[in-house]
Amino acid sequence: MADGNNNFKVVTVNRQARHEYEILDVVEAGIVLTGTEIKSVRSGRVNIREGYARGMDEELWLYGVHIAQYASASHNNHEPTRPRKLLLHRRQIDDLTLKAESRSLTIVPLRMYIKNHRAKVELGLARGRKRYDKRQAIAKRESDRRIDQATRQRV
């Protein structure tokens, strides 16, 4: 789970997003967290499966991400599913929101990780797949796997 230089640790991956959506573009964003939230993130108590991002008042906000309450915290604990502000450059925010609104796309979190002691979210600009598209993707993946196995057995 860790990169070779010990400053990159994947906390959670949204594997369902790559199945449900066709990812067109990927962007790394910082995320604004409180003290108890970052402690829960570092302990891996995060669920990004239902998450999505939306632009509001020239800012990008992350909705639907569940960060569990920190067990050792006092009564000042955070709300698990509150909206969280994403940190991006103005051009990136404008570009993502314009593409999402004009082409009827969704901004979904693909994974959350700790990079240089800061929490980051990898966002994907995504188009929803139909059921037949999902079947075609599964069939292609399985055929690629069979080809790889056959070539490994020959060598």
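**Exercise 1. The contacts of E20**

Find which residues E20 touches when residues up to four places away in sequence are not counted, and describe where E20 lies.

*Solution.* Leaving out those neighbours, E20 touches G128, R129 and K134, where a contact means heavy atoms within 4.5 Å. Before going further, note that this is a predicted model, in which local features need pLDDT of at least 70 and side-chain atom pairs count only at pLDDT 80 or more, while totals for chains, interfaces and linings use all residues. Residues are numbered from 1 along each chain as its sequence is written, and side-chain values use heavy atoms, with hydrogens and water left out.

The next step is to place E20, which belongs to helix α1, residues 15-20; helices (H or I, at least four residues) and strands (E, at least two) are DSSP runs, numbered from the N terminus. E20 is partly exposed, since its relative accessible area is 27%; buried means under 20%, exposed over 50%, and partly exposed in between, using a 1.4 Å probe and protein chains only. Finally, compare sequence with space: E20 and R127 are 107 residues apart along the sequence, and yet 8.7 Å separates them in space, C-alpha to C-alpha.

**Exercise 2. The fold as a whole**

Work out how many helices and strands the protein has, and in which pattern they follow one another along the sequence.

*Solution.* Counting gives four helices and nine strands, and reading along the sequence gives the pattern β-α-β-α-β-β-β-β-β-α-β-β-α. The C-alpha trace spans about 60 × 40 × 30 Å along its principal axes, and 32% of the 155 residues count as buried. To see how distant parts of the chain meet, take the contacts between residues at least 6 apart in sequence: 67% of them join residues at least 24 apart.

For the charges, the mean positions of the 31 positive and 19 negative ones are 6 Å apart; here Lys and Arg count as positive and Asp and Glu as negative, while His and the chain ends are not counted, and each charge is placed at NZ of Lys, CZ of Arg, CG of Asp or CD of Glu.

**Exercise 3. The two sides of helix α3**

Determine which residues of α3 are buried, and why they lie on the same side of the helix.

*Solution.* Begin with the length: α3 covers residues 90-102, 13 in number, and reaches 18 Å from its first C-alpha to its last, close to the 18 Å expected at 1.5 Å a residue, the expected span being 1.5 Å times one less than the number of residues.

The buried residues of α3 are I93, L96, T97 and A100. They lie on the same side of α3 because they cover an arc of only 90 degrees around the axis, an arc taken from the directions from the helix axis to the C-beta atoms. An α-helix has 3.6 residues a turn, so residues three or four places apart point the same way.

The face turned away from the buried side carries the exposed residues R91, L98 and S102. The buried residues, by contrast, pack against β2 (21-31), β4 (52-56), β5 (59-63), β8 (106-115) and β9 (118-128).

**Exercise 4. Positive phi values**

Describe E58 and S104, giving the phi of each and stating whether each counts as buried or exposed.

*Solution.* As background, most residues other than glycine have a negative phi. E58, which is not a glycine, nevertheless has a positive phi of about 60 degrees; it is found in the loop between β4 and β5 and, at 55% relative accessibility, counts as exposed.

S104 is also not a glycine, and its phi is positive, near 55 degrees. S104 lies in the loop between α3 and β8, and with a relative accessibility of 65% it counts as exposed.

**Exercise 5. The loop between β6 and β7**

Locate E79 and P80, and list what each of them touches outside its near neighbours in sequence.

*Solution.* E79 is in the loop between β6 (66-67) and β7 (84-87), and P80 is found in that loop as well. Not counting residues up to four places away, E79 touches E37 and R84; E79 is exposed, with a relative accessible area of 51%.

Leaving aside neighbours within four places, P80 is in contact with V65, H66, I67 and Q69. The C-alpha atoms of P80 and A68 are 12 residues apart along the chain and separated by 5.4 Å.
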